[in-house]
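Q: I'm getting to know this model at the bench and would like a close look at one of its loops. Could you start there, and then walk me through the surroundings that help put that loop in context?

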Amino acid sequence: MKTFIIIPCYNEAEKLANVINSVKEYGQVVVVNDGSIDASEQIANDQGAIVLSHLINRGQGAALETGNRYALKNGADIVVHFDSDGQHKALEIPGLIKPILDNKTDIVLGSRFLKGDKTPWFKKYFILKPAIKFQNLITGIKLTDAHNGFRALSKTALEKIRITQDGMAHASEIIEQIAQNKLRYKELPVTIVYHEFGQGVASGLRILRDLLFGKLNK
Amino acid sequence: MPYLPLQIIVTLFVILVVFRLTKKYKDSILKTSEFIGWMIIWVIVLVVFWLPQTTSYLAFFLGIGRGVDLAVYVSILLLFYLIFRLYLKIDKQQKEITKIVRQLALEDKESKKTMNNEL
């Protein structure tokens, strides 16, 4: 089984080397450098990762899709999406891809709420919980987390899911496409390490806007 | 007619716009439907400025107090519509830019790979 670990990266020079080293043993690391202006690209190259470079910054969704296309073209059986800022734990990758290896599901989504989480309360009750409710309502898929960037996709899922939302709204778009393509999905508990506030209220509203307007241009 | 100078200025402006529109239409920059749409809008502007009472009839018909109010309402609606169209266009262009950037990133990787293989 060929596993690709896709790390979208925008100016994460400080943490990138550690992140790449931590995931190396679980698969082929593909860093999508999304127009970084710091040393990210050089660091990724030095760590022996495959580096795909966006000439200009296009957003996390765009970077993940570039990684997905590359993986599919190069015979990936499983793709893992992993953040470049060190908020995910590499140790949890084998657990995340196991249901796909056992052919029990097409896509595994990490959830920070399936076990004791350390989400800041404001973010949890004023941003994430409403977002989860909204997501469940419009997609008809019952999930316990929204906008968790840690996920694993099988080849089947990879072939069917096309991320068109360049920004952060891609996370909701993926859920939508799971429903549309009737993919088998599963949620597993993962740990999220909070370094700073992450996405705030403003970016939550931006995601909402992208989702609503994104429908109009199809 | 108290606002004759304004009528003349607006008329000159509309003539200028119509000239430009016609030129763009001849150069195939504008589609026929777009050309007709814009022409109608500017003819309406002329009518409103030379025969302001027409807006009053229409306003009365639609249940709005004054002709001027109707003109303001219609302008705001039109502006919103144009902004909306612009939003869609920009969004589409953003997506196209992403496609190009992605293609370049993937091709760049491929060409490096073949170069390495040849060495």
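A: **An exposed loop residue and its setting**

Asn103(A) has 10 other C-beta atoms within 10 Å, so it counts as exposed, the cut-off for that class being 12 or fewer. Please keep in mind that this is a predicted model. The residue sits in the loop that links α4 (93–101) to β5 (107–111) in chain A. Its backbone deserves a look too: phi is positive, about 55 degrees, even though Asn103(A) is not a glycine. As background, most residues other than glycine have a negative phi.

Chain B offers a second case to set beside it. Ser28(B), also not a glycine, has a positive phi near 60 degrees. Ser28(B) belongs to the loop between α1 (4–26) and α2 (32–50) of chain B, and because it has 8 C-beta neighbours inside 10 Å, it counts as exposed.

Back in chain A, another loop holds a buried residue. Gly35(A) lies between β2 (28–34) and α2 (40–46) of chain A, and its 20 C-beta neighbours inside 10 Å are why it counts as buried. Setting aside neighbours within four places in sequence, the contacts of Gly35(A) are Tyr10(A), His54(A), Leu55(A), Ile56(A), Asn57(A) and Arg58(A). Ser53(A) is 18 residues from Gly35(A) in sequence, yet their C-alpha atoms are 6.8 Å apart.

Now for the interior. In soluble globular proteins, nonpolar side chains tend to be buried together. Here the largest nonpolar core has 56 residues, and those with the most contacts inside it are Ile5(A), Ile6(A), Val29(A), Val30(A), Val31(A), Val79(A) and Val80(A). Take Val31(A) as an example: beyond its neighbours within four places in sequence, it touches Ile7(A), Cys9(A), Ile20(A), Ala44(A), Ala49(A) and Val51(A).

Next, the place where the chains meet. Chain A brings 16 residues to the contact and chain B brings 14. On the side of chain A that touches chain B, β3 (50–54) and α3 (60–73) each supply at least two residues, and α3(A) gives the largest share, five residues. That side of chain A is made up of seven nonpolar, five polar and four charged residues.

Finally, follow α4(B). At 1.5 Å a residue, its 52 residues should span 76 Å, and the end C-alpha atoms are indeed 76 Å apart. The helix is hardly covered, with five of its 52 residues buried: Leu70(B), Thr98(B), Val101(B), Arg102(B) and Ala105(B). The cover over these buried residues includes β3 and α3 of chain A, along with α3 of chain B.

That helix of chain B, α3 (residues 53–62), has an axis that comes within 7 Å of the axis of α4 (residues 67–118), crossing at roughly 80 degrees. The two helices are therefore roughly perpendicular. From α3(B), the contact uses Thr55(B), Ser56(B), Leu58(B), Ala59(B) and Leu62(B), while α4(B) adds Gly67(B), Asp69(B), Leu70(B) and Ala71(B). Sorted by class, this contact has five nonpolar, three polar and one charged residues. Leu70(B) is part of that contact and is one of the buried residues of α4(B), a nice spot to pause on when you rotate the model.

Key. Residues are numbered from 1 along each chain as its sequence is written. Chains are lettered from A and ligands numbered from 1 in the order in which they are written. This is a predicted model: local features need pLDDT of at least 70, side-chain atom pairs count only at pLDDT 80 or more; totals for chains, interfaces and linings use all residues. Axes are lines fitted to C-alpha atoms, for helices over the stretch in contact, and angles run from 0 to 180 degrees between N-to-C directions. Helices (H or I, at least four residues) and strands (E, at least two) are DSSP runs, numbered from the N terminus. Angles under 35 degrees count as roughly parallel, over 145 as roughly antiparallel, 65 to 115 as roughly perpendicular and the rest as oblique. Two residues are in contact if their C-beta atoms, placed from the backbone, lie within 7 Å. Ala, Val, Leu, Ile, Met, Phe, Trp, Tyr, Cys and Pro count as nonpolar, Asp, Glu, Lys and Arg as charged, and the others, Gly among them, as polar. A nonpolar core is a set of buried Ala, Val, Leu, Ile, Met, Phe, Trp, Tyr and Cys residues joined through C-beta atoms within 7 Å. The expected span of a helix is 1.5 Å times one less than its number of residues.
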